[in-house]
Amino acid sequence: MPISNILSRLFGAFARAQFPHPIQNFINCVYVKIFKIDLSQFEEREFENLNALFTRRLKNPRAIESSPNTLIAPADSLITESALSTQGMALQIKGMSYSIDELLGEKLDKELHYINFYLSPRDYHRYHAPCDMEIEELRYFGGALYPVNMPALNRVQSLFVKNERVVVRAKMSNGKRLYFVAVGALNVGSIVFHCEPKIKTNAKRANESYTYITPIKVRKGEELGMFEMGSTIVLFIEDFIPCVEHTHIKFAQSIGALS
């Protein structure tokens with residue numbers, strides 16, 4: 001097992017532990033200060049452990065664009081890449097490509113637009129459906145837990161493929177295809193999807209898949225799950241025209257429209 005996975009398990013145990021109130025408050029305050037976390041938009045100001053701090057909920061719901069053709073950002077994040085795939089390849093960062101087939105565990109027959117969303121430790125850690133969709137399958141791929149920050153993206157070839165990840169295969173309301181990929185990273189205690197509690201990340205390296213004869217219907221903006229620390233989401237979207245790139249973005253902001 002890579003040392004990054006061992007460290008992540010240890011950090012996950014630490015983040016879930018509940019220390020005496022004064023000690024826990026001190027730990028939480030240190031993390032808030034280090035990562036410059038703004039708590040003004042969230043329900044709580046005190047948290048029972050670090051995990052509760054990382055997975056904090058928004059105090060007020062954000063307005064969701066009603067147009068069925070408009071897609072929204074799934075999380076507060078930095079868009080690091082946005083482009084149309086080329087010959088089945090995508091970029092984790094400029095100059096560093098990887099095989100989409102390897103990432104998704106499926107051979108695609110057409111090019112898709114992809115967007116990389118990097119969630120730093122300071123960001124809101126819950127992620128949401130970018131559009132109305134029907135989930136047909138979830139795939140878990142065991143792997144390493146390398147960091148997914150900019151230095152790592154520039155250093156580790158095919159980082160997203162090497163890392164642990166969960167792939168959501170879904171159909172949008174227009175019948176077109178969408179893939180939602182939650183990529184694990186160093187110190188991510190787990191990747192949670194509410195619709196499939198059997199998925200236990202950062203626990204084993206075996207691959208698993210869950211197929212739904214009756215697809216799971218999810219509304220745009222509905223919470224899909226959460227990272228227990230920062231990480232990356234990659235969307236692959238069929239017939240899509242983006243309206244943003246290489247910028248910080250908030251959950252529920254428009255990212256483009258279906259063509």
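Which residues is Ile255 in contact with, leaving aside its neighbours within four places in sequence? Keep that in mind for a moment. One caution before we start: this is a predicted model.

Now the answer. Ile255 touches Leu71, Ile72, Ala73, Ile115 and Phe117. Its contacts also include Leu235, Phe240, Pro242, Cys243, Val244 and Ile249. Look at the core next. The largest nonpolar core has 37 residues. Ile255 is one of those with the most contacts inside it, along with Phe117, Tyr127 and Phe193. There is also a second, separate core, with 25 residues. Among its members are Leu103, Val156, Val167 and Val181. In soluble globular proteins, nonpolar side chains tend to be buried together.

Next, the sheet. Eight strands make up an open sheet, and their pairing is antiparallel. Read the order with me: 11-7-8-9-13-5-2-15. What stands at the edges? Strand 11, residues 208-218, and strand 15, residues 248-249. Each has a single partner strand, so one side of each has no neighbour in the sheet.

Let's zoom in on strand 8, residues 165-172. Seven of its eight residues are buried, so this strand is mostly covered. Strand 7, residues 133-141, pairs with strand 8 over eight bridges, in the antiparallel sense. One position to find there: Glu137 stands opposite Arg169. Strand 9, residues 177-183, also runs antiparallel to strand 8, joined by seven bridges. Here Val168 in strand 8 faces a partner too: Phe180 in strand 9 stands opposite. Strands 8 and 9 form a hairpin, with four residues between them. Gly175 sits in that turn and has a positive phi of about 85°.

Further along the sheet, strand 2, residues 77-84, pairs with strand 5. That pairing is antiparallel, over six bridges. Leu84 has His113 in strand 5 as its bridge partner.

Stay in strand 5, residues 113-119, and find Tyr118. Is Tyr118 buried or exposed? Its relative accessibility is 17%, so Tyr118 counts as buried. The cut-off for buried is under 20%. Beyond its close sequence neighbours, within four places, Tyr118 is in contact with Ser77, Leu78, Thr80 and Asp123. Val148, Asn149, Ser231 and Thr232 are contacts of Tyr118 as well. Tyr118 and Ala75 are 43 residues apart in sequence. In space, C-alpha to C-alpha, they are 9.1 Å apart.

On to charges. How many salt bridges does a search of the whole structure find? It finds 16 salt bridges. I'll take three.

Number one: Arg169 and Glu106. Their side chains meet at 3.2 Å, N to O. Arg169 lies in strand 8, and Glu106 in the loop between helix 4, residues 100-104, and strand 5. So the pair ties together parts that are 63 residues apart in sequence. Glu106 has a relative accessibility of 17% and counts as buried.

Number two: Glu136 and Arg177. This salt bridge is 2.6 Å, N to O. Glu136 is in strand 7 and Arg177 is in strand 9, 41 residues apart, so distant parts of the chain are linked. Glu136 is buried at 14% relative accessible area. Arg177 is buried too, at 17%.

Number three: Lys176 and Asp239. Their closest N and O atoms are 3.1 Å apart. Lys176 lies in the loop between strands 8 and 9. Asp239 lies in the loop between strand 13, residues 231-237, and strand 14, residues 240-242. So this pair ties together parts 63 residues apart in sequence. Both are partly exposed: Lys176 at 29%, and Asp239 at 26%.

Some salt bridges share partners. They join Glu106, Glu136, Glu137, Arg139, Arg169, Lys171 and Arg177 into one network.

Two last stops. Ser158 is in the loop between helix 5, residues 150-155, and helix 6, residues 159-162. Ser158 is buried, with a relative accessible area of 19%. Leaving aside neighbours within four places, Ser158 is in contact with Gln92, Ser97 and Tyr98.

Finally, the surface. Ile3 is in helix 1, residues 3-16. Ile3 is exposed, at 57% relative accessible area. Together, Ile3, Ile6 and Leu10 make a nonpolar surface patch of about 300 Å².

Note on methods
Residues are numbered from 1 along each chain as its sequence is written. This is a predicted model: local features need pLDDT of at least 70, side-chain atom pairs count only at pLDDT 80 or more; totals for chains, interfaces and linings use all residues. Side-chain values use heavy atoms; hydrogens and water are left out. Buried means under 20% relative accessible area, exposed over 50%, partly exposed in between (1.4 Å probe, protein chains only). Helices (H or I, at least four residues) and strands (E, at least two) are DSSP runs, numbered from the N terminus. Two strands pair if DSSP finds at least two bridges between them. A nonpolar core is a set of buried Ala, Val, Leu, Ile, Met, Phe, Trp, Tyr and Cys residues joined through side-chain atoms within 4.5 Å. Contact means heavy atoms within 4.5 Å. Patches are made of residues with over 30% relative accessible area and no salt bridge: like charges are joined within 9 Å, nonpolar side chains (Val, Leu, Ile, Met, Phe, Trp, Tyr) within 5 Å. Accessible areas come from the Shrake-Rupley method with a 1.4 Å probe; for residues, only the protein chains shown count as cover. A salt bridge is a side-chain nitrogen of Lys or Arg within 4 Å of a carboxyl oxygen of Asp or Glu.
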